[in-house]
Amino acid sequence: MSLSTAEDDPATEIHLPADIDWEMLDKSKFFFLGAALFSSVSGTLYPIVVLKTRQQVMLDNCPCFKMAASIFRSEGWRGFYRGFGTSLMGTIPARSLYMGALEVTKSNVGNVSSVRLGLSEASASAIANAAAGLSAAMAAQLVWTPIDVVSQRLMVQGGVTDCNKYSGGIDAFRKIVRADGVRGLYRGFGISILTYAPSNAVWWASYSMAHRGIWSCIGCYLCNKSENVYRPDGKSVMAVQAFSAAMASGASALVTMPLDTIKTRLQVLDGGCGRTLTAVQTVRNLVKEGGLGACYRGLGPRWASMSISATTMITTYEFLKRLSTKNQESFAL
């Protein structure tokens, strides 16, 4: 991939490593290594997700550090990993669906945008990334929604609510199905799509634009130093990817935080305590509790989680794609 700063100096170019598309990947290696790498990432970030979830379902606002100290005093380290086993079980199929849909959509939409519609490389890349994020999120929610319903109820029991004590993920699964049927596992599915599909579309489009924008700024800086060609090393490429991911996470978190709070409350508070809440009732309760600010409870942990997760994810993801590239000999054939 080559970015040129033609406005300042037509000869100045930044030569980035070539993009790896779907056809260049060894699929079995891609999915196997991806499941292992992203499971490790999920385990590292899980305590932040627990904090965010508990903040979202509490009736009163509680500072993040105070809540963390309370969990540690009353439950120990295990309190930060409630429901992790269930979440981990869903990581492999959900990530496989996500990565497959992401790469296939990005490759196909990118070709249509640039070749048939004649869009510029930057516009085609942004559209392809947005469409890929949208389709990947929708595919993954088929698995993630039931996993979220079970794992989030395990996260909050004992700490926020004493309703429906579960001995583990399997017990929670059985009780939810017995009480509400299979529909109980997909409680909040619609709003999950409304939350994660736009969130992923915004994130991937923002990431694409931020990535190109940062390299363009670097190119302009090098123009002033009269450097005609720049070939960044691996550390520089990774640093730009990480910073672009953090910027994209901020935009995505702010846009979709209210929907995420509503989704979490629907999945955790509905049904278990004999209450049947709708999305409208949930919004009304939030507004009564703290106005618009209540919809942004847990924004700090969610922003931190998204930024760390996205930074780790994108660098891991690019590393994974290079590990999973087919041999050049076989690809040439």
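# Reading the helices and their contacts

Modeller: Let's start with one meeting point: in α1, residues Y46, V49, V50, T53, R54 and V57 touch S151, Q152, M155 and V156 of α4. Please keep in mind that this is a predicted model.

Colleague: Thanks! At what angle do α1 and α4 pack, and how far apart are their axes?

Modeller: The general idea is that two packed helices are described by the angle between their axes and the distance between the axes. Here, α1 and helix α4, which spans residues 121-156, pack at about 80 degrees with their axes 9 Å apart. Angles from 65 to 115 degrees count as roughly perpendicular, so α1 is roughly perpendicular to α4. Sorted by class, the residues of this contact are six nonpolar, three polar and one charged.

Colleague: How does α1 pack with α9: what are the angle and the distance between the axes?

Modeller: Helix α9 covers residues 299-323, and α1 packs with α9 at an angle of about 175 degrees, the axes being 10 Å apart. Angles over 145 degrees count as roughly antiparallel, which means α1 is roughly antiparallel to α9. On the α1 side the contact includes F30, L33, L37, F38 and V41, and on the α9 side the residues include I308, M313, Y317 and L320. By class, this contact of α1 with α9 has 14 nonpolar, six polar and four charged residues.

Colleague: Let me step back. How many helices and strands does the protein chain have?

Modeller: The protein chain has ten helices and three strands. Reading from the N terminus, the order is β-β-α-α-α-α-α-α-β-α-α-α-α. Of the chain's 333 residues, 50% count as buried. A contact can join residues that lie far apart along the sequence: among the contacts in the chain with a separation of 6 or more, 79% are between residues 24 or more positions apart.

Colleague: How much confidence does the predictor give this chain?

Modeller: The average pLDDT is 79, and 83% of the residues score at least 70. Over residues 4-11, though, the pLDDT is below 50, and this stretch has 14 contacts in the model beyond near neighbours in sequence. Residues 328-333 also stay under 50, with two contacts beyond four places in sequence. Where pLDDT is low, the predicted coordinates should not be read in detail.

Colleague: Now for the rings. How many aromatic pairs does the structure hold?

Modeller: There are nine aromatic pairs. Take Y46 and Y81: their ring centres are 5.9 Å apart and the planes meet at 20 degrees, so this pair is stacked. The pair links distant parts of the chain, because Y46 sits in helix α1 (residues 27-57) and Y81 in the loop between α2 (64-75) and α3, 35 residues away. Another pair, W204 with Y207, is edge-to-face, with 6.1 Å from centre to centre and 80 degrees between the planes. W204 and Y207 are three residues apart in helix α6 (residues 189-224), about one turn of the helix, and both are buried.

Colleague: Which residues form one aromatic cluster with Y46?

Modeller: Y81 and F84 join Y46 in one cluster.

Colleague: Are Y46 and Y81 buried or exposed?

Modeller: A residue counts as buried under 20% relative accessible area. At 3%, Y46 is therefore buried, whereas Y81, at 34%, counts as partly exposed.

Colleague: Which residues does S87 touch, beyond those up to four places away in sequence?

Modeller: S87 touches Y46, W144, I147 and S151. This serine is found in helix α3 and is buried, with a relative accessible area of 11%. Its C-alpha atom is 8.4 Å from that of V150, although the two residues are 63 apart along the chain.

Colleague: K106 is a lysine; is K106 buried or exposed?

Modeller: K106 is buried, since its relative accessible area is 19%. The residue lies in helix α3, which spans residues 84-116. Leaving aside neighbours within four places, K106 is in contact with A128, N129, A132 and W204, and W204 is a residue of the edge-to-face pair.

Colleague: One last stop: which residues is T145 in contact with?

Modeller: T145 is found in helix α4 and is buried, with a relative accessible area of 0%. Beyond its neighbours within four places in sequence, T145 is in contact with L185, Y186, R187, F189, S192 and Q267.

Notes:
Residues numbered from 1 in each chain as written. Predicted model: local features only at pLDDT ≥ 70, side-chain atom pairs only at ≥ 80, totals over all residues. Heavy atoms only, no water. pLDDT = per-residue confidence, 0-100. Contact = heavy atoms within 4.5 Å. Helix = DSSP H or I, 4+ residues; strand = E, 2+ residues; numbered from the N terminus. Buried < 20%, exposed > 50% of the residue type's maximum accessible area, 1.4 Å probe, protein only. Phe/Tyr/Trp six-rings, centres within 6.5 Å; stacked < 30°, edge-to-face > 60°. Axes fitted to C-alpha atoms, helices over the stretch in contact; angles between N-to-C directions. Parallel < 35°, antiparallel > 145°, perpendicular 65-115°, else oblique. Nonpolar A, V, L, I, M, F, W, Y, C, P; charged D, E, K, R; others polar.
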